[in-house]
Amino acid sequence: MHNLITLDDFILQRPQDFPYDVKELSAILEGIAVASKSVSEDIRKAGLVDHVLGAQGNTNIQGESQQKLDVLADEAFINAFSSSGVICGIASEENDNFVAFNSERAAFGSYVVLFDPLDGSSNIDVNVSIGTIFSVYRRVSPLGSPVTLDDMLQPGTEQVMAGYVLYGSSTMLVYSSGNGVNGFTLKPSTGEFCLSHANMRMPENGRLYAMNEGNIQECEQGLVRYIQYCQSRENQTGMPYSGRYIGSLVADFHRNLIKGGIYIYPSVPASPEGRLRLLYECNPLAFIAEQAGGLATTGRQRILDIVPAQLHQRVPYYVGSKLMVEKAMSFLG
Ligand code: AHG
Ligand code: MN
Ligand code: MN
């Protein structure tokens with residue numbers, strides 16, 4: 001290991017990657033790095049400490065049982081964002097409404113962040129990879145005024161930065177500010193994120209598909225036929241694809257980003273709009289996918305073009321290698 005480039009050096013060396021003040025980008029990513037290191041530490045000792053593992057005993061607005069780590073992570077990120085000086089408000093999976101930061105300094109912040117503090121919560125108790133997903137926009141309300149719902153409900157095309165942290169066998173931060181995708185691995189000995197995956201590109205095609213196939217009998221016929229195509233010798237490899245489903249969107253997405261593949265969470269009767277949330281799950285990963293040469297759609301429409309109507313809105317999600325998503329869409333008609 002030599003000449004490692006830290007996240008902060010990387011950002012400051014490449015001001016051309018961000019159309020606004022690069023010091024602001026640096027402040028936002030610094031907040032994400034600080035919070036994610038503390039969440040990563042909590043996760044690493046989850047089985048040993050009472051206040052970390054297990055259910056919190058509450059239900060969030062999605063009707064899902066909150067895990068203690070969901071709440072700890074939410075607090076860690078909110079603390080980091082509220083003290084960044086450039087963020088005026090946030091919205092997260094674990095808060096019914098958006099949160100406006102009230103300090104005078106924060107009110108003059110130009111950015112809002114929407115995030116899923118811990119993605120893949122159902123995997124916490126079984127020691128499987130989980131993640132954090134984030135999406136950053138310029139506010140549309142005037143500087144100095146309280147943040148509004150309109151600041152949060154912007155289409156994904158307006159994102160100025162997005163990314164995720166994966167708490168896997170190593171902890172990684174992957175982000176894009178609109179000029180390609182780069183990945184950084186947390187170096188445990190120094191506690192710094194260092195560039196490990198420069199200019200990430202998603203393979204145009206692949207042979208991995210990820211979907212909760214427990215739902216397949218309840219899915220629309222076009223999707224049933226696409227999954228049969230994946231499992232047949234009719235596809236371009238002449239062999240059945242491999243099924244891979246971790247059940248943590250971030251981890252499934254990250255694998256497909258590196259190896260090529262498709263992730264699908266379709267409309268199902270129990271969840272007609274799909275399960276995943278547009279603003280803090282689908283949009284940020286769609287931004288990363290497109291920046292890496294991949295594609296993200298509802299099966300019929302580009303994710304980033306959707307004009308959101310609600311904070312916790314859900315959408316069906318087809319994301320991954322470009323040719324695989326296009327092929328899946330051709331089956332849906
Ligand atoms: P979260 O833990 O933030 O609520 O998100 C869980 C999501 C996603 O990570 C995963 O891909 C999907 O839900 C799994 O859903 P199923 O258990 O229905 O497959
Ligand atoms: Mn999630
Ligand atoms: Mn979550």
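This report describes salt bridges in a predicted model.

Local features are reported only at pLDDT of at least 70 and side-chain atom pairs at pLDDT 80 or more, while totals for chains, interfaces and linings use all residues. Side-chain values rest on heavy atoms, without hydrogens and water, residues are numbered from 1 along each chain as its sequence is written, and chains are lettered from A and ligands numbered from 1 in the order in which they are written.

Side chains of opposite charge can pair when their charged atoms come close. A salt bridge here is a side-chain nitrogen of Lys or Arg within 4 Å of a carboxyl oxygen of Asp or Glu. Searching the whole structure gives ten salt bridges. The table lists three of them, including the gap between the closest N and O atoms.

| Salt bridge | Closest N and O atoms |
|---|---|
| Aspartate 17 and arginine 14 | 2.7 Å |
| Arginine 277 and glutamate 93 | 3.4 Å |
| Arginine 302 and aspartate 305 | 3.1 Å |

Arginine 277 and glutamate 93 form a salt bridge that links distant parts of the chain, 184 residues apart. Arginine 277 lies in the loop between strand S13 (262-265) and helix H8 (278-291), and glutamate 93 in the loop between strand S3 (87-92) and strand S4 (99-100). Helices (H or I, at least four residues) and strands (E, at least two) are DSSP runs, numbered from the N terminus. Glu93 and Arg277 also belong, with Glu281, to a network of salt bridges.

Both arginine 277 and glutamate 93 are buried (under 20% relative accessible area; exposed is over 50%, partly exposed in between, with a 1.4 Å probe and protein chains only). Aspartate 17 is buried at 8%, whereas arginine 14 is partly exposed at 27%. Arginine 302 is partly exposed at 32%, and aspartate 305 is partly exposed at 39%.
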